[in-house]
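Here is a short report to read alongside the structure. Keep the 3D view open and follow the elements as they are named.

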Amino acid sequence: MPVTIGTLRESAPAETRVSLVPEVVAKLSQAGARVLIERGAGERANFPDELYKGAEWGDSAAQVLAQADVLTAVQPLGVSEIALLKPSAILVGFMQPHARLAEVRALRDRKITSFAVELIPRISRAQSMDALSSQAAVAGYKAVLIAADHLPKFLPMLTTAAGTIRPAQVLVVGAGVAGLQAIATARRLGAVVEAYDVRSATREQVKSLGAKFVDTGVSAEGQGGYARELTAEERRKQQEVLDSRIAAADAVITTASVPGRPAPKIVTRAVVERMRPGSVIVDIAAEQGGNCELTRAGENVVHHGVTVIGPVNLPGQLAYNASEMYARNLLNFLKPALQNGELAIDWSDEVFAQACLTRDGAIQHEPTRKAVES
Ligand code: NAD
């Protein structure tokens, strides 16, 4: 029997993405899998049903959940959806394990094998599966467009009959995946861009994109290519230099994050008050608490004439490409386990082992297990 890979129309009202796109469905079918899709799953991402060649259709989520051996998803499934999965099912998607403890408990209790794409290790072999990165790149791009849209200024320098217009100054804080894409986008639109990150390894990447690296004299390389949390003294030193660059910027895009920690507060209320009226802050770390003291997730706050935007689900605003990238990430994750239409997971492979959240009635990811059991 070939493995049945199912996908749902995402049930979260604000979610426009879909976890499988037609191109990926064709590849899964070629690999021998049966693909079962809930009708209308791709509609909000502009993938109408008729584009999905070779797929079979479920009229309801319940129908797909009852048949899927592997279910792919964008957002975490709710407890009521988890209850409808087959007992031996495999679930792959974003799980937000730190925040969705009831769902993790339900996955454990139903003995579902769940893979959280957030836990896929950031090693070179797994880059093509790295959904956090693909979606962060979308977010970085979109954040700049939002800033441009709210600024009462052009981004590029313009030479016109009415004289020369100076280019806007954009500061990007955090030069990870989202930050680098924000820098590249702001540069393409002609802004003068500065960027800052605590990891000095980003200096060359920032420069290669045509931006100036803000040197604060603080370096905080952590484990696995991530940053570590700063000491109080390091934070003070960083802040002094950064404050002057923030105050001088027309648009600030903040993307700083440390895994497993709330977003570091980098833009204070006091420095917002030093910015020029009309300036804009787009804080894409809003859902992790925000890099700016004034950020409210999902809202635009105007303070002293400065607009502080805390967007949520930016990839959902670019659902077509975000879904395409996400679906390819899932394909690259699943493909090594797909042989002659059957799924065989090699548990000695660190990618599967580390991405596994629950299996055989146990929570495999230690921090989540502790959080659920405490
Ligand atoms: P990443 O880990 O690749 O990059 C984060 C960067 O922040 C790292 O380079 C790190 O060194 C840097 N950093 C950490 N502490 C810092 C500090 N004190 N000062 C300056 N830099 C610091 O993460 P990413 O994938 O680029 O995502 C960035 C943020 O965007 C995350 O919070 C993520 O959750 C969020 N995000 C939001 C959306 C959305 O829709 N709003 C979408 C995708 C990602």
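What follows is a walk through one sheet, the helices beside it and a few single residues.

The model is predicted, so please read every value below as computed from that model.

**The sheet**

Let us begin with the sheet. Its 7 strands are ordered β11-β10-β9-β12-β13-β15-β14, and they form an open sheet with mixed pairing. At the edges sit β11 (212–213) and β14, each of which pairs on one side only.

Moving through the part of the sheet that holds β12, β13, β15 and β14, we can take the pairings one at a time. Strand β12 (residues 251–254) pairs with β13 in the parallel sense, over 4 bridges. Within this pairing, Ile253 has Val282 of β13 as its bridge partner. Strand β13 (residues 280–283) is in turn parallel to β15, with 3 bridges between the two. Val282 appears here again, with Ile309 in β15 as its bridge partner. On the other side of β15 the sense changes: strand β14 (residues 300–303) runs antiparallel to β15, and 4 bridges join them. The table gathers these pairings.

| Strand pair | Sense | Bridges | A bridge pair |
|---|---|---|---|
| β12 and β13 | parallel | 4 bridges | Ile253 and Val282 |
| β13 and β15 | parallel | 3 bridges | Val282 and Ile309 |
| β14 and β15 | antiparallel | 4 bridges | Val301 and Val308 |

Which residues cover the turn between β14 and β15? These two strands form a hairpin with 2 residues between them, and His304 in that turn has a positive phi of about 55°.

Strand β15 deserves a closer look. In a regular strand, side chains alternate between the two faces of the sheet. In β15 (residues 306–309), Val306 and Val308 lie on one side, while Thr307 and Ile309 lie on the other. All four are buried, so both faces of this strand are covered.

**The helices**Helix α5 lies across β12, β13, β14 and β15, running at about 155° to β13. Two packed helices are described by the angle between their axes and the distance between the axes. For helix α5 (residues 131–150) and helix α10 (residues 319–334), the angle is about 170° and the axes are 9 Å apart. That makes α5 roughly antiparallel to α10, because angles over 145 degrees count as roughly antiparallel.

At this contact, Ala131, Ser134, Gln135 and Val138 of α5 meet Ala322, Met325, Tyr326 and Asn329 of α10. Sorted by class, the contact of α5 with α10 has 5 nonpolar residues, 3 polar residues and no charged residues.

**Single residues in loops**

Two loop residues are worth finding in the view. Lys111 sits in the loop between α4 (101–109) and β6 (113–116). Its phi is near 60°, a positive value in a residue other than glycine. Asn313 belongs to the loop between β15 and α10, and its phi, near 45°, is also a positive value in a residue other than glycine.

Are these two loop residues buried or exposed? Lys111 counts as exposed because its relative accessibility is 52%, and the cut-off for exposed is over 50%. Asn313 has a relative accessible area of 19% and is buried, since buried means under 20%.

**Cysteines**

How many disulfides does the structure hold? The structure holds 0 disulfides. Among its cysteines, Cys292 is buried, with a relative accessible area of 1%. Cys356 counts as buried too, at 2% relative accessibility.

Technical notes: Residues are numbered from 1 along each chain as its sequence is written. This is a predicted model: local features need pLDDT of at least 70, side-chain atom pairs count only at pLDDT 80 or more; totals for chains, interfaces and linings use all residues. Side-chain values use heavy atoms; hydrogens and water are left out. Buried means under 20% relative accessible area, exposed over 50%, partly exposed in between (1.4 Å probe, protein chains only). Two strands pair if DSSP finds at least two bridges between them. Axes are lines fitted to C-alpha atoms, for helices over the stretch in contact, and angles run from 0 to 180 degrees between N-to-C directions. Angles under 35 degrees count as roughly parallel, over 145 as roughly antiparallel, 65 to 115 as roughly perpendicular and the rest as oblique. Contact means heavy atoms within 4.5 Å. Ala, Val, Leu, Ile, Met, Phe, Trp, Tyr, Cys and Pro count as nonpolar, Asp, Glu, Lys and Arg as charged, and the others, Gly among them, as polar. A disulfide is a pair of cysteine sulfur atoms within 2.5 Å.
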